[in-house]
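Visitor: I'd like to understand the labels people put on a structure. Could you walk me through them with the numbers in hand?

Guide: Gladly; let's look at it together.

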Amino acid sequence: MTIISTIIEQHAEEAAFLWLQRDAAVRDPHYNLKDLAKLDDRVEAHIDGLRIAGDAGWEICEQALEFEESGEVFAASVLAFEGGDAQRIETVIAAGAASEETWRGLVSAFGWLTQEQVNNLLPGLLKSEKSEYGRLGIAASAIHRRDPGAALVEALDDPEPQFQARALRAVGELKRRDLLPVLQRRFQSENTACRFWAAWSALLLGDFAAIEILKTFTAEESPLRQRAIQLLFRVIDSKQVQFELDELAKQLSGLRHAIIGSGVAGDPVRIPWLIELMNRPELARVAGEAFSMITGVDIAYADLDTDRPEYFHAGPTEDSEDEDVEMDPDEDLPWPDPELIGAWWHKNQISFQSGKRYLAGNVISSENCMHVLINGFQRQRMAAALELALLHPDRPLFEVRAPGYRQQRLLAAGL
């Protein structure tokens, strides 16, 4: 077989680039499961080109590891894991362990494997005396929703807080109810991430004592604030939710979180407030998303959107002297038209009852959550997965970031 190195290099570059696009897509508001599956097919096509190239494909991916980027680690790791070569596996694990970002690419590659390949690799990782191997085994078990058994118990005492926190999170994802006492002992952890994930998992397992801990994360700005809101406001009672939302809305840094939290709570009593906020350009799109989270209305598809305000600016500009380099968090959301949405709500509000919780237009139930997992956008699907995990105490949290074909197969089988 003739090997054309430029073509193989292009496959490696495209696989890495498309994986980065996919890594963002699983959290984007405009991707649904079908879109994700199509993007997966594009990634797989380039990975397949590398497979066909054999050793030449691996060598080019191995060279690209020098860039120390997560996409390149992903591509090389898929080849190494699928091939089962111990030296190549050692190479990619070493590359993945270099940083948090490269670790993401390494773990994601394990999620790309078939069940047979996972069965061949996972036991060796979990039993390895090398810490990086065991940590990868725990993360891989969690993303495949496979119970790693005694290895998870050991991981809860990992000396590295980053990996201990991942193990604490896995307890909730996998619904390891027997480990609830360990979670409770971590409620007082000095490490913020460990304390958070212990409380998050405990609440997912039904321990309402974790509510007070998660409240401390919703009260002040932190990287975990939104994660706390996403779970807490699905669990506490309606009156308490409204109080917490009002308190958040009073804070300069909390208003945006209150808007998102309104969509999480799902109570239509907040909709008039959300529509009013759509008149403020800096909040309009996130308010529109919260409205859609409750009502199920696709603002763009229903022609309830409008043009971007002429003088509104968010995100980086081409001005070299502009110090604002933060990306616009609402870039992929439509611009809602407050008047059109107000008219829609006036006509349709009779279908919604204050005090009840809705997701994508229907009262939350197992059937509705399954429908959203199949047809909803990614952020709606994340919400549906959490709701299902709360409705079914012994059912693992559905992984909405898994390869599209695997999700489709599980959903077709009713999970």
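Visitor: Which residues does phenylalanine 196 touch, not counting those up to four places away in sequence?

Guide: Its partners are Leu214, Phe217, Leu224, Arg227 and Ala228. Contact here means heavy atoms within 4.5 Å. This is a predicted model, where local features need pLDDT of at least 70 and side-chain atom pairs count only at pLDDT 80 or more, while totals for chains, interfaces and linings use all residues. Residues are numbered from 1 along each chain as its sequence is written, and side-chain values use heavy atoms, with hydrogens and water left out.

Visitor: What makes a set of residues a nonpolar core?

Guide: The members are buried Ala, Val, Leu, Ile, Met, Phe, Trp, Tyr and Cys residues joined through side-chain atoms within 4.5 Å. Buried means under 20% relative accessible area, exposed means over 50%, and partly exposed is in between, with a 1.4 Å probe and protein chains only. The largest such core has 63 residues, and Phe196 and Trp200 are among those with the most contacts inside it. Helix α12 (residues 192-204) gives the most to this core, nine residues; helices are DSSP runs of H or I, at least four residues, numbered from the N terminus. Apart from it lies another core of 47 residues, including Trp103 and Ala139.

Visitor: How do you know that arginine 22 and aspartate 40 form a salt bridge?

Guide: The rule asks for a side-chain nitrogen of Lys or Arg within 4 Å of a carboxyl oxygen of Asp or Glu. For this pair the closest N and O atoms are 2.3 Å apart, so the rule is met. The pair links distant parts of the chain, from helix α1 (residues 5-25) to helix α2 (residues 33-52). Both arginine 22 and aspartate 40 are buried.

Visitor: Why is arginine 51 called partly exposed?

Guide: Its relative accessibility is 25%, which falls in the in-between range, so the label fits. Aspartate 48, at 35%, is partly exposed too. These two form a salt bridge with the closest N and O atoms 3.3 Å apart, and they are three residues apart in helix α2, about one helical turn.

Visitor: Is aspartate 394 buried or exposed?

Guide: Exposed, because its relative accessibility is 64% and the label needs over 50%. Aspartate 394 pairs with arginine 177, the closest N and O atoms being 3.8 Å apart. Arginine 177 and aspartate 394 both lie in loops, so their bridge ties together parts that are 217 residues apart in sequence.

Terms used: Helix = DSSP H or I, 4+ residues; strand = E, 2+ residues; numbered from the N terminus.
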